[in-house]
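Hello,

Here is the structure we talked about handing over. Please open it first, then read on for what turned up.

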Amino acid sequence: MQVQVLGMSGDTVEELKKFCDKYKLNFTLAGDTSHKTLDAYGVWQEKLMYGQKKMGIVRSTYIIEAAGKIKHAFPKVKADGHIHEVLAALKS
């Protein structure tokens, strides 16, 4: 099975390049400073950070089929152990 990983952020392309270089990421990070795609997926939300309400990205994962249909959605994920959930969903 072949999959493509794409991360999305509200940061600029320049900021994301620095981040990818720093952490030696082997997948693409896309910048969405307008938040149009982030809004479309419902991940640009009000969050409580350090006791203050602030808009931000709610980390989520989507498995999207080649035809563009969302096969599986994982809202509000925690990074630790999440890869196992994704791999299980990909195998099903």
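How many salt bridges does a search of the whole structure find? The answer is one. Keep in mind that this is a predicted model.

**The salt bridge**

The partners are Asp-21 and Lys-17, whose side chains meet at 2.9 Å, N to O. That lies inside the 4 Å cut-off for a salt bridge. Both residues belong to helix α1, which covers residues 13-23. They sit four residues apart, about one turn of the helix. Asp-21 has a relative accessible area of 45%, so the residue counts as partly exposed. As background, side chains of opposite charge can pair when their charged atoms come close.

**Aromatic pairs**

The count here is two. One of them joins Phe-19 and Tyr-23, with ring centres 4.8 Å apart. Their planes stand at 50 degrees, so this pair is tilted. Why tilted? Under 30 degrees would count as stacked and over 60 as edge-to-face, and the rest are tilted. Phe-19 and Tyr-23 also both lie in helix α1, four residues apart, about one turn of the helix. Phe-19 is partly exposed at 41% relative accessible area. Tyr-23 is partly exposed too, at 46%.

**Val-3 and the nonpolar patch**

Where does Val-3 lie? Val-3 is in the segment before β1, the strand at 6-9. Its relative accessible area is 47%, so Val-3 counts as partly exposed. Val-3 helps to make a nonpolar surface patch of about 410 Å². The other contributors are Met-1, Val-5 and Phe-27. Val-3 and Glu-65 are 62 residues apart in sequence, yet 9.5 Å apart in space, C-alpha to C-alpha.

**The largest pocket**

The largest pocket holds about 1900 Å³ of space. Elements that give two or more residues to its lining are β1, α1, α2 (36-40), β3 (44-49), β4 (52-57), β5 (61-64) and α3 (82-91). In total, 44 residues line the largest pocket. Which of them lie nearest its centre? They are Leu-6, Gly-7, Met-8, Ser-60 and Thr-61. The largest share of the lining comes from α3, with five residues.

**To look at in the viewer**

- Helix α1: the Asp-21 and Lys-17 salt bridge, and the tilted pair of Phe-19 and Tyr-23.
- The patch of Met-1, Val-3, Val-5 and Phe-27.
- The largest pocket, with α3 in its lining.

Best regards

Conventions. Residues are numbered from 1 along each chain as its sequence is written. This is a predicted model: local features need pLDDT of at least 70, side-chain atom pairs count only at pLDDT 80 or more; totals for chains, interfaces and linings use all residues. Side-chain values use heavy atoms; hydrogens and water are left out. Buried means under 20% relative accessible area, exposed over 50%, partly exposed in between (1.4 Å probe, protein chains only). Patches are made of residues with over 30% relative accessible area and no salt bridge: like charges are joined within 9 Å, nonpolar side chains (Val, Leu, Ile, Met, Phe, Trp, Tyr) within 5 Å. Accessible areas come from the Shrake-Rupley method with a 1.4 Å probe; for residues, only the protein chains shown count as cover. Rings of Phe, Tyr and Trp (its six-membered ring) pair if their centres lie within 6.5 Å; planes under 30 degrees apart count as stacked, over 60 as edge-to-face and the rest as tilted. On a 1 Å grid over the protein atoms alone, a cavity is a set of points where a 1.4 Å probe fits but cannot get out, and a pocket is an open set with protein on both sides within 12 Å along at least five of seven lines; lining residues have an atom within 4 Å of a point. Grid points are joined across faces, edges and corners, and a volume is the space filled by probe spheres set on the points.
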